[in-house]
Amino acid sequence: MAEPSLRERLNALREQLHSYSYHYYVLNESTIPDAEYDRLFRELQEIEAAHPEWQSADSPSQRVGAEPLAAFSQVRHETPMLSLDNVFSEAELLDFDQRIKTRLKDSAELSYACEPKLDGIAVSLLYVDGVLVRGATRGDGRVGEDITQNVKTIASIPLKLRGTGWPEELEVRGEIYMPRAGFARINDAARSSDGKIFVNPRNAAAGSLRQLDSRITATRPLEMSCYGIALGDGEAWFYSHSEGLATLRDWGFLVSPELRVVDSIQGCVAYYQDLLARRDGLAYDIDGIVFKVDSLALQEHLGFVSRAPRWAIAHKFPAQEEITQLRDVEFQVGRTVIVGLYNASTTVYKINRQKERVAGRGLRRAWRESGQFRVVAAEVGRGRNWLQVNQERSPISMSNHYWR
Ligand code: 9MJ
């Protein structure tokens with residue numbers, strides 16, 4: 001057999017590397033050892049360095065970031081990026097369902113797609129002829145910022161669509177977020193190098209996407225979960241929202257594995273209870289559940305009100321960070337380096353072994369450093385005069401504290 005030409009080798013490497021990262025970052029399957037991936041990646045970079053004329057916008061080498069930008073340019077969303085109305089109780093959720101049935105003049109039960117509500121940054125991705133050409137933030141819903149260089153560094157975002165049958169122009173929407181484990185890792189690294197510590201995974205994701213230097217974004221463990229499609233040509237490609245998301249999976253996007261379709265609002269209630277109970281065990285932060293009428297024909301019929309669709313609702317979870325009255329603070333160190341912080345309302349705040357996640361109210365983060373505890377307290381106060389317990393990263397001694 002004839003030796004493949006260097007150009008053919010380059011194409012094969014690109015295909016292989018795209019496929020490996022799709023399996024790894026989207027399907028969560030490791031198909032080759034990391035060392036082998038790195039070797040193939042270096043080979044790709046060497047060929048591209050020797051032949052800059054062969055460089056291509058959808059090459060896996062684009063994942064490492066590009067020269068810093070002077071500023072982000074603005075992007076006008078052709079279809080506005082909507083926000084969601086919220087409900088905070090089961091009764092309000094049932095009212096939402098009733099409003100829809102009334103508007104549809106049909107009391108038959110509705111099928112809903114149920115999705116976790118990721119607490120991240122809403123982003124739009126534009127593909128032309130199957131190639132990612134633009135990534136943009138939501139901004140005010142009409143105009144956002146062009147963050148193309150930054151989204152290209154996120155391994156679960158396809159630079160090139162997989163499979164077949166995609167339209168010439170495809171816009172995909174979803175949430176970019178930082179999984180908890182990645183958040184703990186970068187904060188640990190920042191602590192040992194005196195770098196910037198992020199308050200929570202959402203801030204870390206926002207800060208990482210706001211970088212003008214995409215080489216920095218490339219070092220941040222970001223993911224994108226897709227939950228919507230806006231098609232350029234306006235044709236009816238799918239009958240249902242869930243069918244659209246299943247197709248996005250085939251085209252190489254990460255879609256929440258928690259996505260379910262239920263056949264009535266009672267199914268939504270059960271889904272909410274189930275995910276609320278499993279919330280702390282998830283790999284990422286969620287702040288509620290999104291329910292969407294699954295039929296696209298009914299979605300179209302229902303339309304929008306101001307900036308939010310009538311066919312979707314976010315059922316928010318009870319807040320995890322709340323304002324509390326602080327009277328007394330005490331740290332307790334257990335053998336497993338689980339730290340409890342007690343206050344007058346006897347709430348026990350716990351942090352995990354990575355000293356990151358805090359359950360309970362009022363405290364954002366605590367960790368041990370050089371024999372001292374460092375604490376970031378959020379909105380901890382007494383009465384109406386909110387008292388900043390301490391500045392970010394300022395030391396707090398292990399003795400009891402009492403604020404009058
Ligand atoms: C989040 N944040 O997870 C939507 N979202 O749909 C999901 N947000 C959304 N859907 C329409 N799962 C507008 C926003």
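**A walk through strands and salt bridges**

Let's start with strands S4 and S7 (residues 169-177), which run antiparallel and are joined by eight bridges. Strands here are DSSP runs of type E with at least two residues, helices are runs of H or I with at least four, and both are numbered from the N terminus. Two strands pair if DSSP finds at least two bridges between them. You're looking at a predicted model, where local features need pLDDT of at least 70 and side-chain atom pairs count only at pLDDT 80 or more, while totals for chains, interfaces and linings use all residues. Residues are numbered from 1 along each chain as its sequence is written, and side-chain values use heavy atoms, leaving out hydrogens and water.

Stay with S4 for a moment. Ala122 has Glu175 of S7 as its bridge partner. S4 also runs antiparallel to S5, with six bridges joining the two, and here Leu126 stands opposite Arg134 of S5. S4 is mostly covered, as seven of its eight residues are buried; buried means under 20% relative accessible area, exposed means over 50%, and partly exposed is in between (1.4 Å probe, protein chains only).

Now follow the chain out of S4 (121-128) into the loop before S5 (131-137), and you meet Asp129. The hairpin of S4 and S5 has two residues between the strands, and Asp129 takes a positive phi near 50 degrees there. Asp129 also gathers with Glu78, Glu168 and Glu169 in a surface patch of negative charge. Such a patch takes residues with over 30% relative accessible area and no salt bridge, joining like charges within 9 Å (nonpolar side chains, namely Val, Leu, Ile, Met, Phe, Trp and Tyr, within 5 Å). The areas come from the Shrake-Rupley method with a 1.4 Å probe. Asp and Glu count as negative, with the charge placed at CG of Asp or CD of Glu.

What about charges that do pair up? Side chains of opposite charge can pair when their charged atoms come close. A salt bridge needs a side-chain nitrogen of Lys or Arg within 4 Å of a carboxyl oxygen of Asp or Glu, and by that rule there are 17 salt bridges. Take Lys160 and Glu15, whose closest N and O atoms are 2.6 Å apart. Lys160 sits in the loop between helix H4 (148-152) and S7, while Glu15 is in helix H1 (residues 6-26), so this pair links distant parts of the chain, 145 residues apart. Lys160 is partly exposed at 29% relative accessible area, and Glu15 is partly exposed too, at 42%.

Another salt bridge brings Arg215 and Glu67 together at 3.7 Å, N to O. Arg215 is in helix H7 (residues 214-217) and Glu67 is in the loop between helix H2 (34-50) and strand S1 (74-76), so their pairing ties together parts 148 residues apart in sequence. Arg215 is partly exposed at 38%, whereas Glu67 is exposed at 60%. Elsewhere, Arg9, Glu36, Arg39 and Glu43 are linked in a salt-bridge network.

Finally, find the open sheet: five strands in the order S2-S13-S10-S3-S9, with mixed pairing. S2 (86-87) and S9 are at the edges with a single partner strand each, so one side of each has no neighbour in the sheet. S9 runs antiparallel to S3 (residues 112-118), and three bridges join them. Within that pairing, Cys114 has Arg260 of S9 as its bridge partner.
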